[in-house]
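Q: Please take a close look at a single part of this structure and explain, step by step, how that part is placed among its surroundings. A connected account suited to a first-year student would be most helpful.

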Amino acid sequence: MSRFKSIFIALLVLCFIPSISAQTPFTLTGIKSYYPVVEFNTDKIDTKYKEQILNMLIEKSAKLGVETKNFSTRSLALIVSYIGVGDTLALKMELLVGENVMRLDTKEEIFVLSYINSRIFVPEEFEEELLENSEELLDMFVAQYKEDNL
């Protein structure tokens, strides 16, 4: 009986290994275009960073072969906000894909977040950390996109 139990456990582990390697519980399969957006939900961040981050979005998307030049109802958005953590102000960054999808059972079109990844941090060197964290979130997105589509 113990041999059967060992084989069963080994098979069970093998069945779950593919799901362990996933970047997030979301899927990016089949995404060929989106509209890139960068939004700062605060006036405490210089708008020059918005253009730098938007350019990062566009460049990384181009390397993936994702179309960003035309308007799409699907958006890849990086949203940056300040939040209070006790007496400290922290930055919250969210990278998400939002899109309209059709529900199969009701044929109703709804807006969903089909991908989201976020982080919260207290910046010490604001400019460097804002751009560095933006790039890291985008790199995680790129890694998952490649995993899901290639």
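A: An angle between two elements is taken here between their N-to-C directions, on a scale from 0 to 180 degrees, with each axis being a line fitted to C-alpha atoms. The model is a predicted one, and the part chosen for the close look is helix 3, made up of residues 126-149.

The setting comes first. The protein chain contains three helices and four strands, and their order along the sequence is α-β-α-β-β-β-α. Helix 3 is 24 residues in length and spans 34 Å between its first and last C-alpha, close to the 34 Å expected at 1.5 Å a residue.

What does helix 3 lie across? It lies across strand 2, strand 3 and strand 4, and its direction makes about 130° with that of strand 4. The side of this contact can be followed through the buried residues, where buried means under 20% relative accessible area. In helix 3 they are E129, L130, L131, N133, S134, L137, L138, F141, V142, Q144 and Y145. A general property of helices helps in reading such a list: an α-helix has 3.6 residues a turn, so residues three or four places apart point the same way. The partners of these buried residues are helix 2, strand 2, strand 3 and strand 4.

The strands beneath this account deserve a description of their own. Strands in a sheet are held in pairs by backbone hydrogen bonds, in a parallel or an antiparallel sense. Here four strands make an open sheet with mixed pairing, arranged in the order 1-2-3-4. Its edges are strand 1 (35-40) and strand 4 (109-121), each of which pairs on one side only. On average, neighbouring strands are turned by 20° against each other, direction ignored. Helix 2 (residues 48-64) also packs on this sheet, where it touches strand 1, strand 2 and strand 3, and its direction makes about 155° with that of strand 1.

The pairings among the strands that helix 3 crosses can be traced residue by residue. Strand 2 (residues 75-85) and strand 3 (residues 88-102) are antiparallel and share eleven bridges. Within strand 3, L91 is the bridge partner of Y82, and V97 stands opposite L76. The hairpin of these two strands has two residues between them, and G86 there has a positive phi near 65°. Strand 3 and strand 4 also run antiparallel, joined by twelve bridges; in strand 4, S118 is the bridge partner of E94. Their hairpin has six residues between the strands, with K107 at a positive phi near 60°.

One residue illustrates the link between helix 2 and earlier parts of the chain. K50 belongs to helix 2 and counts as partly exposed because its relative accessibility is 28%, a value between the limits of 20% and 50%. Beyond its neighbours within four places in sequence, K50 contacts V38, E39 and F40. The C-alpha atoms of K50 and V38 are 6.1 Å apart, although twelve residues separate the two in sequence.

Finally, the view widens to the whole chain. Of its 150 residues, 34% count as buried. Of the contacts between residues at least 6 apart in sequence, 62% join residues at least 24 apart. The accessible surface is about 9,800 Å², and carbon and sulfur atoms account for 56% of that area.

Definitions and conventions: Residues are numbered from 1 along each chain as its sequence is written. This is a predicted model: local features need pLDDT of at least 70, side-chain atom pairs count only at pLDDT 80 or more; totals for chains, interfaces and linings use all residues. Side-chain values use heavy atoms; hydrogens and water are left out. Two strands pair if DSSP finds at least two bridges between them. Contact means heavy atoms within 4.5 Å. Buried means under 20% relative accessible area, exposed over 50%, partly exposed in between (1.4 Å probe, protein chains only). Accessible areas come from the Shrake-Rupley method with a 1.4 Å probe; for residues, only the protein chains shown count as cover. The expected span of a helix is 1.5 Å times one less than its number of residues.
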